[in-house]
Amino acid sequence: AARAKASAVLSSTSTAGYTLVPNTHTSVGFGAYTQVTSPLRRYGDIVCHLQMKYHMCGGQPAPYLVVRKWCMHLNAISRLADRLEKLYDRFWLLFLLKQLKDLHGRDTHGCVILGTVDCTSNVLQPTLRPRSRFLSQGFLVEFGFRCVVPHDQPLPEGSEVRVQIVRAEPNTPLLEVLVVEQ
C-alpha cells in the first residue's frame, strides 16, 4: 500500500517547465534548479547550455524576448509531449489489461483505494447516478494505473481490495473493474 501511495503522489506532482528566472524544484525543494542532459537529445537543454556558457564565460546571453519566446515554445511542446506520452501509456496498458482479461478472465489484481465518493449524496438526477452506491479512485498496484472502482460498501482510504477486470477497451479508453475481495 505504501508503494502505491508513493507512486500516486509522484504521478500527481507538477511537471517541469522552462522559465526566465531561477525557480525551485518542486519535489526536492532546491532554491534554484536546472536540468542538464545530453544536448543531442533535447532542444531545451541546448538553450540551457548556451545560457550557462554565456553566464560562466562573461559573455552576452541571448536577449530576454528571444529566451522568453523559447521558454513559451518549449513549455507548449513539453506539455503536448507529456500528454501524448500519457495517452500512449494508457492505450498500451489498457491493451495489456484486455489481453490479460481475455486470456485469464477471472484473475484478480491488487487495488489501493485513494478516495471515495458517496453517489447517493450528490445532486445528480437519479437517472445519471451510477449503479453502485460508492465510486472510488483506485490505484492498480502492479500496473501503476489509476481507475474508477464502483462498490456498494464504504471502503476506507488506503485500504487494499482485489479487483477483477470486467472490460478494457484501449481505443475508448475504458476500464471497468469489479471488487471481488475486500
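Which pattern does the protein follow, read along the sequence?

**View 1. Overall fold of the predicted model.** Read along the sequence, the pattern is α-α-α-β-β-β-β-β, that is, three helices and five strands. Helices (H or I, at least four residues) and strands (E, at least two) are DSSP runs, numbered from the N terminus. Residue numbers start from 1 along each chain as its sequence is written, side-chain values use heavy atoms, and hydrogens and water are left out. In this predicted model, local features need pLDDT of at least 70 and side-chain atom pairs count only at pLDDT 80 or more, while totals for chains, interfaces and linings use all residues.

**View 2. Burial and contacts in the protein.** Of the 182 residues, 25% are buried (under 20% relative accessible area; exposed is over 50%, partly exposed in between; 1.4 Å probe, protein chains only). Among contacts (heavy atoms within 4.5 Å) with a separation of 6 or more, 53% join residues 24 or more positions apart. The protein exposes about 12600 Å², with 58% supplied by carbon and sulfur atoms; areas come from the Shrake-Rupley method with a 1.4 Å probe, and for residues only the protein chains shown count as cover.

**View 3. Nonpolar surface patch with Leu65.** Leu20, Val21, Tyr64 and Leu65 make a nonpolar surface patch of about 430 Å². Leu65 belongs to helix 3 (residues 64-103) and is exposed, at a relative accessible area of 58%. Patch residues have over 30% relative accessible area and no salt bridge (a side-chain nitrogen of Lys or Arg within 4 Å of a carboxyl oxygen of Asp or Glu); nonpolar side chains (Val, Leu, Ile, Met, Phe, Trp, Tyr) are joined within 5 Å, like charges within 9 Å.

**View 4. Cis peptide bond at Pro173.** The bond from Thr172 to Pro173 is cis, with omega near -15 degrees. Most peptide bonds are trans. Pro173 lies in the loop between strand 4 (160-169) and strand 5 (174-181).
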